[in-house]
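Welcome! Open your viewer, get your selection tool ready, and follow along one stop at a time.

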Amino acid sequence: MAIHTGDLVEQFLTMVKISSPSRREGKLAAYLREELKKLGFVVYVDEAGKAVGGDTGNIIATMAGTKPAEPIMFCCHMDTVEPCERVNPIVEGDIIRSDGTTILGGDDKGGIAAILAAIREIQQTKVPHGPIQLVFTICEEVGMYGSK
């Protein structure tokens with residue numbers, strides 16, 4: 001497989017510009033729900049956000065397998081530490097950084113972008129696979145509340 005780096009970077013840059021502090025991951029969750037549906041996942045949002053006073057729950061997305069095999073699950077968190085409003089990523093060669101006024105938000109949006117790029121590659125190259133489940137949790141930065 002050859003991941004299309006440009007697409008991965010573009011998706012990462014899009015996501016880091018979406019503010020998603022703990023308990024306010026709703027905008028990123030909405031973006032991810034749409035992306036996952038485009039990729040053919042069945043998407044469910046649980047009630048974890050209500051338990052912690054957040055604006056969304058965890059995203060649980062499932063894709064059927066194309067062959068009999070054990071399911072595989074990948075997990076990342078959607079929240080970032082602050083300051084994360086108006087992130088302005090700077091790309092300098094192979095390095096992506098913030099402009100210094102905010103965090104970049106690479107933890108864990110880099111992981112999310114990598115997972116989505118891998119799913120696209122699997123689909124484009126028609127690699128046979130078992131069921132795939134993706135879980136994107138809330139409130140990791142303040143106590144792993146979403147995964148609890």
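**Stop one: a strand in the middle of the tour**

In strand S6, select Gln133: this residue is the bridge partner of Thr62. Before going on, note that this is a predicted model, where local features need pLDDT of at least 70, side-chain atom pairs count only at pLDDT 80 or more, and totals for chains, interfaces and linings use all residues. Residues are numbered from 1 along each chain as its sequence is written, and side-chain values use heavy atoms, leaving out hydrogens and water.

Now select S2 (residues 59-63) and S6 (residues 132-137). Strands here are DSSP runs of E with at least two residues, helices are runs of H or I with at least four, and both are numbered from the N terminus. S2 and S6 pair in the antiparallel sense over 5 bridges; pairing requires that DSSP finds at least two bridges. Add S1 (residues 42-45), which pairs with S2, also antiparallel, over 4 bridges. There, Val42 stands opposite Thr62.

**Stop two: two helices**

Select H1 (residues 5-16) and H2 (residues 26-38): their axes come within 10 Å and cross at roughly 150°. Axes are lines fitted to C-alpha atoms, for helices over the stretch in contact, with angles from 0 to 180 degrees between N-to-C directions. H1 is therefore roughly antiparallel to H2 (angles over 145 degrees count as such). Show Gln11, Thr14 and Met15 of H1 with Leu28, Tyr31, Leu32 and Glu35 of H2, which make the contact (heavy atoms within 4.5 Å).

Notes
Angles under 35 degrees count as roughly parallel, over 145 as roughly antiparallel, 65 to 115 as roughly perpendicular and the rest as oblique. Buried means under 20% relative accessible area, exposed over 50%, partly exposed in between (1.4 Å probe, protein chains only).
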